[in-house]
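Please open the structure in your viewer and keep the selection tool at hand. The tour below proceeds stop by stop, stating what to select and what is found there.

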Amino acid sequence: MAEGKGFIGGIVETFKTIFWALVIAGIFRTIFFQPFWIPSGSMKDTLLIGDFLFVNKMAYGYSYASCPSIRIPQAGIDLGAEDFCGWFEDNDGRFFGSEPERGDIVVFRHPVTGRDFIKRLIGLPGDRVQMQDGRLYINDEAVAVEDDGVFVETMEPQGPLGQQPQCANGAVGLGAACEKPRQIETLPGGTSHAILNIGNRSADNTGVFTVPAGEYFFMGDNRDNSTDSRFPQAQRGVGFVEAKDLVGRADRVMFSSAGRSMLYFWTWRSDRFFKALD
């Protein structure tokens, strides 16, 4: 009997350990940092498909969007922040809130799908934002840009989804060099970052977006391959993003894998370990 009790007791202790480990991990993810894996190329070349980073959830304070999501398609699990903290979603305030700065790389809940998106903050409340011939204008002033060579990557399937890059040098075959002109854009306030151009696209010319109070305007650095605030929510675009939907700020890539899985250590990009983000 003693041995039986010891065996049962060991199982109970194991489950207790797992339970408390999950609780602690959940608290850590809710309050401090959230892991984020880059699934698409909309932020190239600042962020590459396969980059792994932690999102600083303390940067802007806390709202319903700070609650974790659990999505495991293989098990049919699809729980978003609204499932855990939906009761708090209609509250426009943020606990310990602080304002994001123009140029921040921000993770936010997509206003339509509830999925986590990552883009660069371009427009603050009250700003007028427009694209003219691929050039960004903020408050009727053209944002400064300077040419910075060409971004080159290999035409091949990238990441778990096997996406192939889009190229400015036309349709190239697998294994060939895929090129995109690279520029350095300097936003009002002084933040500079790289942007890529593929060609003439519909979103290179837009109307004027006036950012409402308490909302923000986001764009991807890979301008011609980003579904962002230039596209209305009715078209499953991002549109304007409310302050309550902000999750946190991305500051640093922890490591990066160019392969189909982070476990393929031979595909890790050694030059991106602990890389600070601009």
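Are Glu 185 and Arg 223 buried or exposed? Both Glu 185 and Arg 223 are buried, where buried means under 20% relative accessible area, exposed means over 50%, and partly exposed lies in between (1.4 Å probe, protein chains only).

Before going further, note that this is a predicted model, in which local features need pLDDT of at least 70, side-chain atom pairs count only at pLDDT 80 or more, and totals for chains, interfaces and linings use all residues. Residues are numbered from 1 along each chain as its sequence is written, and side-chain values use heavy atoms, with hydrogens and water left out.

**First stop: salt bridges**

Keep Glu 185 and Arg 223 selected: they form a salt bridge, with the closest N and O atoms 2.7 Å apart. Glu 185 lies in strand β11 and Arg 223 in the loop between β14 (215–219) and β15 (241–242), so the pair ties together parts that are 38 residues apart in sequence. The strand names follow DSSP runs numbered from the N terminus (helices are H or I, at least four residues; strands are E, at least two). A salt bridge is a side-chain nitrogen of Lys or Arg within 4 Å of a carboxyl oxygen of Asp or Glu; by this rule the count comes to 13. Salt bridges that share partners also join Lys 44, Glu 153 and Lys 180 into one network.

Next, select Asp 51 and Arg 272, whose side chains meet in a salt bridge (2.6 Å, N to O). This pair links distant parts of the chain: Asp 51 belongs to strand β2 (residues 51–56) and Arg 272 to the loop between β16 (246–256) and β17 (275–276), 221 residues apart. Asp 51 is buried, at a relative accessible area of 0%, and Arg 272 is buried at 5%.

Then select Arg 182 and Asp 148, a salt bridge whose closest N and O atoms are 2.0 Å apart. Arg 182 is in strand β11 and Asp 148 in strand β10, 34 residues apart. Arg 182 counts as partly exposed at 21% relative accessibility, and Asp 148 is partly exposed at 34%.

**Second stop: the disulfide**

How many disulfides does a search of the whole structure find? The search finds one, a disulfide being a pair of cysteine sulfur atoms within 2.5 Å. Select Cys 167 and Cys 178, which it joins (S to S 2.1 Å). Cys 167 sits in the loop between β10 (144–154) and β11 (177–186), and Cys 178 in strand β11, eleven residues apart. The link is left-handed, with -115° about the S-S bond, and both cysteines are buried.

**Third stop: strand β8 and its partners**

Select strand β8 (residues 135–138), where Leu 136 and Ile 138 point to one face and are buried, while Arg 135 and Tyr 137 point to the other and are not. In a regular strand the side chains alternate between the two faces of the sheet.

Now add strand β7 (residues 128–132), which pairs with β8 in the antiparallel sense over four bridges; two strands pair if DSSP finds at least two bridges between them. Gln 132 stands opposite Arg 135 in β8. The hairpin of β7 and β8 has two residues between the strands, and Asp 133 takes a positive phi near 50° there.

Finally, add strand β9 (residues 141–142), which runs antiparallel to β8 and is joined to it by two bridges. Ala 142 in β9 is the bridge partner of Tyr 137. In the hairpin of β8 and β9, which also has two residues between the strands, Asn 139 takes a positive phi near 55°.
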